[in-house]
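Q: Please examine one part of this structure closely: the central strand region, together with the elements that pack around it. A connected account in plain structural terms would be appreciated.

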Amino acid sequence: MEKVKILGICGSPRDASTMIGLRAALEEAEKWGAETELISLRGKKINPCIACDKCLREGSLKCCVWKDDMTELYDKWYEADGVIVASPVYLMAPTAQTMAFFHRFRSFWLKSEKDPDFFNRKIGAAISCGGTRNGGEETTNQVILNALSSFGITLVNGGIGTYTGACLWSDNNRYGANDDEIGLFNCRKVGRKVAVMAQYMKAGVEQLGIKGDEGAGTGIEMEALKDK
Ligand SMILES: Cc1cc2nc3c(=O)[nH]c(=O)nc-3n(C[C@H](O)[C@H](O)[C@H](O)COP(=O)(O)O)c2cc1C
């Protein structure tokens, strides 16, 4: 079996504590047999979705209105066997960068038209990093998990004790996460679990060869859109 690919998305505008946590998770995922890639949204120009629905009308899996730094990220997301999305906590929620990234997948569900299990086969998890110990890390992780769940991605945490995923604390210090041993331990647990579960999933799919019914995805919604 080919190695599974785990994609890490960092929604921080800085190369700082959230990156420290995500790197720890991806290093652990590699130890457990995965290939990894870390994409930082820092400095990337990702315009917000304007709900024009052009992508849906044209049957495009990518936004066809904005040609910005999002364009090159679609294929990486669609090709990954597992994804770990990490965000700083801003007002107890993910950053605007993280949410803009998610929102730009307006037409993702077109993938499920031909292959209803396309996103079900992916494993996804969340990491957050707050400046205070209980500053909204869990609520931030929950928003990330909600977004991953909207795709239909199979959600995991890091195992017992990690609940919504890993919660890091930077103590409002740019590289403070380096001192959060428990938070980093939980990031590694998330990395391990995503890598292992992605391998179970890939091996299971290869072994069982289960295929979704073509057209059993979201055709009804597409028909409805054509009238608009
Ligand atoms: C606009 C803004 C809002 C923030 N809101 C929160 C918050 O609600 N809770 C919290 O614990 N920390 C909050 N913080 C602190 C960041 O979560 C913290 O500094 C974190 O380490 C940032 O991640 P980074 O080091 O990867 O940039 C906020 C920071 C900013 C800039």
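A: The following account begins with one strand and proceeds to its partners, the nonpolar core, the ligand shell and two residues elsewhere. The model is a predicted one.

Strand β1 spans residues 5–10, and five of its six residues are buried, so the strand is largely enclosed by the rest of the structure. Two strands pair with β1. One partner is β2 (residues 35–40), which runs parallel to β1 and is joined to it over six bridges. Within this pairing, K5 lies opposite E35 of β2. The connection from β1 to β2 passes through α1, and the resulting β-α-β crossover is right-handed. The other partner is β3 (residues 82–88), also in the parallel sense, with five bridges to β1. Here C10 has A86 of β3 as its bridge partner.

Helix α4 (residues 96–103) contributes to the surroundings of these strands. Its buried residues are Q97, T98, M99, F101 and F102. They pack against β1 and β3, and also against α6 (137–151).

A further parallel pairing links β4 with β6, over four bridges. In this pairing C129 is matched with L168 of β6. Strand β6 is covered on both faces, with buried A166 and L168 on one side and buried C167 and W169 on the other. In a regular strand, side chains alternate between the two faces of the sheet.

Many of these elements meet in the largest nonpolar core, which holds 58 residues; I6, A25, I84, I127 and V194 touch the most other members. At least two core residues come from each of β1, α1, β3, α4, β4, α6, β6 (166–169) and α7. Helix α1 supplies the largest share, seven residues. In soluble globular proteins, nonpolar side chains tend to be buried together. The surroundings of I84 illustrate how the core is assembled. Apart from its neighbours within four places in sequence, I84 is in contact with I6, G8, L22, A25, A125, I127, V190, G191 and V194.

Helix α1 also takes part in the shell around the ligand. That shell comprises 19 residues, of which T18, P88, G130, G131 and G135 come nearest. The elements giving two or more residues to the shell are α1 (17–31) and β4 (123–130). By class, the shell contains seven nonpolar, ten polar and two charged residues.

Two residues complete the picture. G204 belongs to helix α7 (residues 181–208). G204 counts as exposed because it has 12 C-beta neighbours inside 10 Å. R121 lies 83 residues from G204 in sequence, yet the two C-alpha atoms are 9.8 Å apart. K54 is located in helix α2 (residues 54–57). This lysine has 14 C-beta neighbours inside 10 Å and therefore counts as partly exposed. Beyond its neighbours within four places in sequence, K54 is in contact with C64 and V65. K54 and S107 are separated by 53 residues in sequence, with a C-alpha to C-alpha distance of 9.2 Å.

How values were computed
Residues numbered from 1 in each chain as written. Predicted model: local features only at pLDDT ≥ 70, side-chain atom pairs only at ≥ 80, totals over all residues. Near = placed C-beta within 6 Å. Nonpolar A, V, L, I, M, F, W, Y, C, P; charged D, E, K, R; others polar. Buried ≥ 20, exposed ≤ 12 C-beta atoms within 10 Å, placed from the backbone. Pairing = 2+ DSSP bridges. Right-handed = clockwise from strand over helix to strand, strands pointing away. Contact = placed C-beta atoms within 7 Å. Core = buried A, V, L, I, M, F, W, Y, C linked by C-beta atoms within 7 Å.
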